[in-house]
Amino acid sequence: MTEPTRLQPGDAFPDFSLPDADGTLHSLAQYEGKYVVLYAYPKDDTPGCTKEACDFRDNALLKSHGAVVLGVSADDAGSHRQFAEKFSLPFPLLSDRDAEFLKSIGTYGEKNMYGKVTQGIKRQTFLIGPDGKLVKSWLAVKVDGHADAVAEAIEKDMKK
């Protein structure tokens with residue numbers, strides 16, 4: 001399998017239609033006019049993924065900008081529901097069970113963790129502007145301070 005062409009800032013972000021924990025479909029088109037933070041994460045209710053989700057939940061600056069936060073992983077609806085309830089996550093967690101969308105944007109593939117190479121979801125975040133174009137991507141996310149960095153990128157983009 002060849003790697004997908006990496007999206008660049010200014011490129012139209014591909015639309016998607018993925019279900020949340022309740023089976024409601026979410027697509028990029030329905031959030032036109034808003035900043036969308038689409039973050040891909042490996043697994044519900046694991047330490048790094050929990051910290052990342054809670055940081056997005058608690059980030060006042062993201063809320064003040066009216067940003068839509070969407071998490072996406074290959075976990076199923078039941079797992080998403082339990083994770084969201086356990087940590088009072090106020091945003092949808094989308095399920096890409098076969099990882100087709102994640103593969104199409106280069107977020108699923110070879111990972112190296114502690115010297116062990118595996119296939120899986122890479123922790124990555126995409127900031128999509130109100131016009132549906134990619135503003136910025138983070139392709140090797142370090143959880144600490146990440147939600148703040150995303151909020152700062154929105155502020156910077158708003159000043160353009």
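The lining of the largest pocket brings together nine nonpolar, two polar and six charged residues. This is a predicted model, so please read everything below as computed from it.

**Two pockets**

Let's stay with that largest pocket, whose volume is about 430 Å³. It is lined by 17 residues, and those closest to its centre are Pro42, Lys111, Met113, Arg123 and Val141. Which element gives the largest share of this lining? That is strand S6 (residues 108–113), with four residues.

The second largest pocket has a volume of about 170 Å³. Its lining includes Phe56, Arg57, Asn59, Leu62 and Lys63, along with Val68, Phe91 and Pro92. By type, eight residues of this lining are nonpolar, one is polar and two are charged. Helix H1 (47–58), helix H2 (60–64) and strand S4 (68–73) each contribute at least two residues to the lining of the second largest pocket.

**Salt bridges**

Turning to charged pairs, the model has nine salt bridges. Here are three of them, with the N to O distance for each.

| Pair | Closest N and O atoms |
|---|---|
| Aspartate 22 and arginine 81 | 3.9 Å |
| Lysine 51 and aspartate 144 | 3.3 Å |
| Arginine 57 and aspartate 58 | 2.6 Å |

What does the salt bridge between aspartate 22 and arginine 81 tie together? Aspartate 22 sits in the loop between strand S1 (17–19) and strand S2 (25–27), while arginine 81 belongs to helix H3 (residues 77–86), so the pair joins parts that are 59 residues apart in sequence. Is aspartate 22 buried or exposed? Aspartate 22 is exposed, at 64% relative accessible area, whereas arginine 81 is partly exposed, at 34%.

The pair of lysine 51 and aspartate 144 also links distant parts of the chain, 93 residues apart. Lysine 51 lies in helix H1, and aspartate 144 in the loop between strand S9 (134–138) and helix H5 (146–158). Lysine 51 is partly exposed, with a relative accessible area of 37%, and aspartate 144 counts as exposed because its value of 60% is over the 50% cut-off. Both residues also belong to a network of salt bridges made up of Lys51, Asp55 and Asp144.

Finally, arginine 57 connects the two topics: this residue lines the second largest pocket, and its side chain meets that of aspartate 58 in a salt bridge. Aspartate 58 is partly exposed, with a relative accessible area of 47%.

How values were computed:
Residues numbered from 1 in each chain as written. Predicted model: local features only at pLDDT ≥ 70, side-chain atom pairs only at ≥ 80, totals over all residues. Heavy atoms only, no water. 1 Å grid on protein atoms, 1.4 Å probe; cavity = no way out; pocket = protein on both sides within 12 Å on 5 of 7 lines; lining within 4 Å. Points joined across faces, edges and corners; volume = space filled by probe spheres on them. Nonpolar A, V, L, I, M, F, W, Y, C, P; charged D, E, K, R; others polar. Salt bridge = Lys/Arg side-chain N within 4 Å of Asp/Glu carboxyl O. Buried < 20%, exposed > 50% of the residue type's maximum accessible area, 1.4 Å probe, protein only.
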